[in-house]
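Grab a coffee and work through these exercises on empty space inside a protein. Each one has a task, then a solution in steps.

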Amino acid sequence: MDLTLALLALAVVLVFAVVRPHGWPEAVVAVPAAAMLIATGVVSPREAADEVERLLPVVGFLAAILVLARLCDDEGLFRAAGVAMGRVSDGAPRRLLVMVFLIASATTAVLSLDATVVLLTPVVLATARALAVPVRPHVFATAHLANSASLLLPVSNLTNLLAFSAAGLSFVHFGAVMTLPTLAAVAVEFVVLRWLFARDLPAEPAPHPEPARDGVPVFVLVVLALTLAGFAVTSLLGHAPAWAALAGATVLGVRALARRDTTPARILADADIPFLAFVLCLGVVVDAVMRSGLDTVMRGVVPVGQSLPALLGVAAVAAVLAGLVNNLPAVLVLLPLVTPAGPAAVLAVLIGVNLGPNLTYVGSLANLLWRNVIRRDMHVGAVEFSRVGLCTVPPAIVAAVLALWLSVRVFGV
């Protein structure tokens, strides 16, 4: 009975997060669902409090990085990226796709996948329109790279932060081990997307007006570079990366407030408190599902060990689960099961839950945000999104896991 109730609560929370009727925040259902599971004894108040405490550092980082990304946008970072893409590509669709891959990968790695979806995608869309080139391949690239390129650093994705904690690696060690898998996944994405959209990527450049020449936001780039260095330093000192993200956001926030470019209320809104509450309550709901018996069922499905076949199996299970129920519940379900096998198995889960979301719209909340961002300019149905994902995800997972297997032998874990 407890498992049925917990699974029902999880299903309702996820369906509401996907549909979001009237634009209501995900927390509208997630908070009552978690409270109901506590009230009915499916999960005890102590167990729920322990789960919230475990997730608080992750949620704190998420709040800081959301504010940091928005402040970077206010400073013109993404406008400058759009100008750079237009100038370097010079109207050639294939060169523009290369630039989108480079900038989207860098944005995802440093500012997380939400920045790529919410802030960079509109810039890519506008740049493609201004250059009179087909929009579809370039916008699909931002959607896929928001997930695929988020493998690189612990700060690139909320799932990474959870895996980072479970793997027990330092920030630098994590980045070193995941560099090769990230490059492999992104390379496969590039080859497959270029093949799928070959008709939309003619070699000849289209006639276009000269792009405006905005200044490069040097101050913002310096702050981002120092923030990235701060991630490594805080990790070495045994502190959460949220402190480095908070420092970067504080510097840009104080500057913006002094120049009257923002307000305290807007900065608080950028932190998206309702979404943070959703993440915490989702963790409680998933914890209730696992404690009610799903962990026993999943142990019979998830391969054990750090051999290449086991890592491929773990990544495949994680990808399918993420595509079905979203990557956040998937990583929360799988990490406790694979952590005893070692860091390589944890990172294989990460490959699955970060690449698997490209299979379906429900795979990650970033996919749903992307759909909302592009909705006014183009329509991408669920069937088309999944068709493209079915072409990219399986080879990308195989390539990334093979790269992980090799990387583990080079860097050790």
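Before we start, one definition for sorting residues: Ala, Val, Leu, Ile, Met, Phe, Trp, Tyr, Cys and Pro count as nonpolar, Asp, Glu, Lys and Arg as charged, and the others, Gly among them, as polar. Keep in mind that this is a predicted model.

**Exercise 1. Describe the largest pocket: its volume, its centre, and the classes of its lining residues.**

Step 1. Start with the volume: the largest pocket holds about 630 Å³ of space.

Step 2. Now look around its centre. The lining is made of 28 residues, and Arg 20, Leu 66, Val 118, Asp 272 and Leu 369 are the closest to the centre.

Step 3. Sort the lining by class. You should get 18 nonpolar, two polar and eight charged residues.

Step 4. Trace the lining back to the helices. At least two residues each come from α1 (2-19), α3 (45-74), α6 (113-130), α12 (264-270), α13 (273-299) and α17 (365-374). The largest share belongs to α17, with six residues.

**Exercise 2. Which element gives the most to the lining of the second largest pocket?**

Step 1. Find the spot. This pocket has a volume of about 300 Å³, and Glu 51, Arg 54, Asp 287, Leu 332 and Pro 336 lie nearest its centre, out of 20 lining residues.

Step 2. List the candidates: α3, α8 (158-167), α13 and α15 (327-338) are the elements that give two or more residues to the lining of the second largest pocket.

Step 3. Pick the winner. That's α13, with seven residues.

Step 4. Check the chemistry as well: the lining of the second largest pocket splits into nine nonpolar, three polar and eight charged residues.

**Exercise 3. How many cavities of 30 Å³ or more are there, and what lines them?**

Step 1. Count them. Unlike a pocket, a cavity is a place where a 1.4 Å probe fits but cannot get out; the count at 30 Å³ or more is two.

Step 2. Take the largest cavity, at about 170 Å³. Its lining has 18 residues, with Leu 113, Asp 114, Asn 157, Leu 158 and Phe 275 closest to the centre.

Step 3. Class the lining of the largest cavity: 12 nonpolar, five polar and one charged. Helices α3, α6, α8, α15 and α17 each put in at least two of these residues.

Step 4. Move to the second largest cavity, which comes to about 40 Å³. Leu 55, Val 58, Leu 158, Leu 162, Val 279, Leu 282, Gly 283, Leu 328 and Leu 332 line the second largest cavity.

Step 5. Sort that list too: eight nonpolar, one polar and no charged residues. Helix α13 has the largest share of this lining, three residues.

**Exercise 4. Is Leu 280 buried or exposed, and what does it touch?**

Step 1. Place the residue: Leu 280 sits in helix α13.

Step 2. Apply the cut-off. Buried means under 20% relative accessible area. Leu 280 has 16% relative accessibility, so Leu 280 counts as buried.

Step 3. Look for contacts, skipping neighbours within four places in sequence. Leu 280 then contacts Val 52, Leu 55, Leu 56 and Val 59.

Step 4. Set sequence against space. Leu 280 and Glu 53 are 227 residues apart in sequence, yet their C-alpha atoms are 9.1 Å apart.

Technical notes
Residues are numbered from 1 along each chain as its sequence is written. This is a predicted model: local features need pLDDT of at least 70, side-chain atom pairs count only at pLDDT 80 or more; totals for chains, interfaces and linings use all residues. Side-chain values use heavy atoms; hydrogens and water are left out. On a 1 Å grid over the protein atoms alone, a cavity is a set of points where a 1.4 Å probe fits but cannot get out, and a pocket is an open set with protein on both sides within 12 Å along at least five of seven lines; lining residues have an atom within 4 Å of a point. Grid points are joined across faces, edges and corners, and a volume is the space filled by probe spheres set on the points. Helices (H or I, at least four residues) and strands (E, at least two) are DSSP runs, numbered from the N terminus. Buried means under 20% relative accessible area, exposed over 50%, partly exposed in between (1.4 Å probe, protein chains only). Contact means heavy atoms within 4.5 Å.
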